[in-house]
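Please open the model in your viewer and keep the sequence beside it. The tour below proceeds by selections, each followed by a description of what is found there.

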Amino acid sequence: MKIAVVCANGKAGKLITEEAVNRGIDVTAVVRGENRTVAGKVLSKDLFELTPEDLKEFDVVIDAFGAWTEDTLPLHSTSLAKLCDILSGTDTRLLIVGGAGSLYVNKEENPFKGTYKRNLEGDYYAKEYEYIKV
């Protein structure tokens, strides 16, 4: 199996890359700058500049993108839309790493309603879910 970990230099991306390498999986780290992972294969390219050609050889693409401020949270939706568009019509599976805010169920049952900044994050993940659900 060949996998690509997009945003592999981030906290989750590094851990996922390391675990996959340790399991003997063929891993390519997709990073904007210098590779800071244990992956032997690297694609140095910004997520927003990726093309279908860049990802065509992979069985699985793992989206480990993270944004942590109110100003950057909308990038979760645009990054997810970008990867969905690139992989649409292919056999490549897209796995999305989500934090606690991605546990959003619905507006009535949001487990983070009223908690520290999680409702905002949950709302963004809910919008992403609407984009990818079938």
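Select Asn 9 and Arg 36 together: the side chain of Asn 9 reaches the backbone nitrogen of Arg 36 at 2.8 Å. Add Glu 34 to the selection, and a second contact appears, for a polar atom of the Asn 9 side chain lies 2.8 Å from the backbone oxygen of Glu 34. Please bear in mind that this is a predicted model.

Where in the chain does Asn 9 lie? Asn 9 belongs to the loop between β1 and α1. Is Asn 9 buried or exposed? Its relative accessible area is 12%, and Asn 9 is therefore classed as buried, the limit being under 20%. Now display the surroundings of Asn 9. Leaving aside residues up to four places away in sequence, Asn 9 touches Lys 14, Val 31, Glu 34, Asn 35, Arg 36 and Thr 37.

**The sheet**

Next, show the strands as a cartoon. In which order do the five strands form the open sheet? The order is β3-β2-β1-β4-β5, with parallel pairing. At the edges are β3 (41-44) and β5 (93-96), each of which pairs on one side only. From one strand to the next, the twist averages 20°.

**From β1 to β3**

Select β1 and β2, which run parallel and are joined by five bridges. Within this pair, Val 6 stands opposite Val 30 in β2. Follow the chain from β1 through α1 to β2: this β-α-β crossover is right-handed.

Keep β2 selected and colour its residues by accessibility. Five of the six residues of β2 are buried, so this strand is largely enclosed by the rest of the structure. Then add β3, which pairs with β2 in the parallel sense over four bridges. Val 31, already met as a residue that Asn 9 touches, has Ser 44 as its bridge partner in β3.

**From β4 to β5**

Move to β4 (residues 60-63), which pairs with β5 in the parallel sense over four bridges. Select Val 60 and look across to β5, where its bridge partner is Arg 93. Now add helix α1 (residues 11-22), which packs on the sheet and touches β1 (2-6), β2 (26-31) and β4. The direction of α1 makes about 165° with that of β1.

Select helix α3 (residues 74-87) as well. Helix α3 lies across β4 and β5, and runs at about 165° to β5. Together, β4, α3 and β5 make a right-handed β-α-β unit.

**The cysteines**

Finally, select Cys 7 and Cys 84. How many disulfides does a search of the whole structure find? The search finds zero. The accessibility of these two residues may also be displayed. Cys 7 counts as partly exposed because its relative accessibility is 24%, whereas Cys 84 is buried, with a relative accessible area of 17%.

Key. Residues are numbered from 1 along each chain as its sequence is written. This is a predicted model: local features need pLDDT of at least 70, side-chain atom pairs count only at pLDDT 80 or more; totals for chains, interfaces and linings use all residues. Side-chain values use heavy atoms; hydrogens and water are left out. A disulfide is a pair of cysteine sulfur atoms within 2.5 Å. Buried means under 20% relative accessible area, exposed over 50%, partly exposed in between (1.4 Å probe, protein chains only). Two strands pair if DSSP finds at least two bridges between them. Helices (H or I, at least four residues) and strands (E, at least two) are DSSP runs, numbered from the N terminus. Axes are lines fitted to C-alpha atoms, for helices over the stretch in contact, and angles run from 0 to 180 degrees between N-to-C directions. Contact means heavy atoms within 4.5 Å. A crossover is right-handed if, with the strands pointing away from the viewer, the path from the first strand over the helix to the second runs clockwise. A polar contact is a pair of N or O atoms within 3.5 Å; within protein, one must be able to donate a hydrogen and the other to accept it, and residues adjacent in sequence count only if both atoms are side-chain atoms.
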